[in-house]
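Work through the exercises below with the sequence and the coordinates at hand. Each task is followed by its solution in steps.

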Amino acid sequence: MPTRAPRNWPAIAGVVFGLGGVLGYFALVLTHDPRLRGLIHTPVLNLALVVVGLLLSVLGAIQANQRTRGGRVSAPALALLNVALSGFLGWHLFVASYRLPPAAHAPAVGAVAPDFELRDERGVPVRLSSFRGRTVVLLFYRGFW
Amino acid sequence: MDPVEQNAKVVQELPLSFPILADIERRVLDAYDLRHDGESPDGAIARPATFVIDRDGVVRWRDLTDSYRLRPSPDDVLAAVVALGTR
């Protein structure tokens, strides 16, 4: 009876680390915890997990390639999945989030803020100029997720 | 761009001391040149931005951020407000 090839632990651990790094990043974001701000802005922990995961994946793929029988397909496939996962996180962190419209005509420091009237959460109209005489923080956000 | 009803839900969960305004028609987004198209199935959303406006309605500090992941910290905004002096 043929015995099963031993488990390729580096290949499995690689994907686990990769998933932990990528999903962990979005879990951190969703906590909305101001104390985690630094770890979200510069996600060193998640990037470290992802890098360790990629190294393990490569190790797993090399081990699989050296096998003489069985188990030569799944480790490279897992490594490929891990590369895709990590690539997605890298693309989100360093590329996609920087793709913003230029906002060349946004009111500059020293300009009068354009007046407007919008309805608040109770449906009551609020006019910016009604705050004259008080300091105003005007924050545009991307909506409720 | 969230409607008034969504903002009402947010205020129910978070007792906020400031109003959340609904720019459904994106008129203010356009006036402030902050329209970010193609980010949401129901139309443009905002490029994240923060302005500190003084008592005369003049912008005295702003942050347009390079990345929607990176927003100014509340401390930075408060410092800009405090720098204008209180009255």
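**Exercise 1: Two backbone angles**

H32(A) is found in the loop between α1 (9-31) and α2 (37-41) of chain A; helices here are DSSP runs of H or I with at least four residues, strands are E runs of at least two, and both are numbered from the N terminus. The model is predicted, local features need pLDDT of at least 70, side-chain atom pairs count only at pLDDT 80 or more, and totals for chains, interfaces and linings use all residues. Residues are numbered from 1 along each chain as its sequence is written, chains are lettered from A and ligands numbered from 1 in the order in which they are written, and side-chain values use heavy atoms, without hydrogens and water.

Task: state the phi of H32(A) and of R26(B), and classify each residue as buried or exposed.

Step 1. The phi of H32(A) is near 50°, a positive value in a residue other than glycine. R26(B), also not a glycine, has a positive phi of about 60°.

Step 2. R26(B) sits in the loop between α1 and α2 of chain B.

Step 3. Buried means under 20% relative accessible area, exposed over 50%, and partly exposed in between (1.4 Å probe, protein chains only). H32(A) counts as exposed because its relative accessibility is 66%. R26(B) has a relative accessible area of 11%, so R26(B) is buried.

**Exercise 2: Chain B**

Task: give the order of the elements in chain B and the percentage of its residues that are buried.

Step 1. Chain B contains three helices and four strands. From the N terminus, their order is α-α-β-β-β-β-α.

Step 2. Of the 87 residues in chain B, 47% are buried.

**Exercise 3: The interface**

Task: describe the contact between chain B and chain A, then find its salt bridge.

Step 1. With contact taken as heavy atoms within 4.5 Å, 53 residues of chain B touch 50 residues of chain A.

Step 2. Under the rule (a side-chain nitrogen of Lys or Arg within 4 Å of a carboxyl oxygen of Asp or Glu), one salt bridge crosses the interface. R142(A) and E39(B) form this salt bridge, at 3.0 Å from N to O.

Step 3. On the side of chain B that touches chain A, α1(B) supplies the largest share, six residues.

Step 4. Strand β3 (residues 136-140) of chain A runs antiparallel to β3(B), joined by five bridges; pairing requires at least two DSSP bridges between the strands. V136(A) is opposite I53(B).
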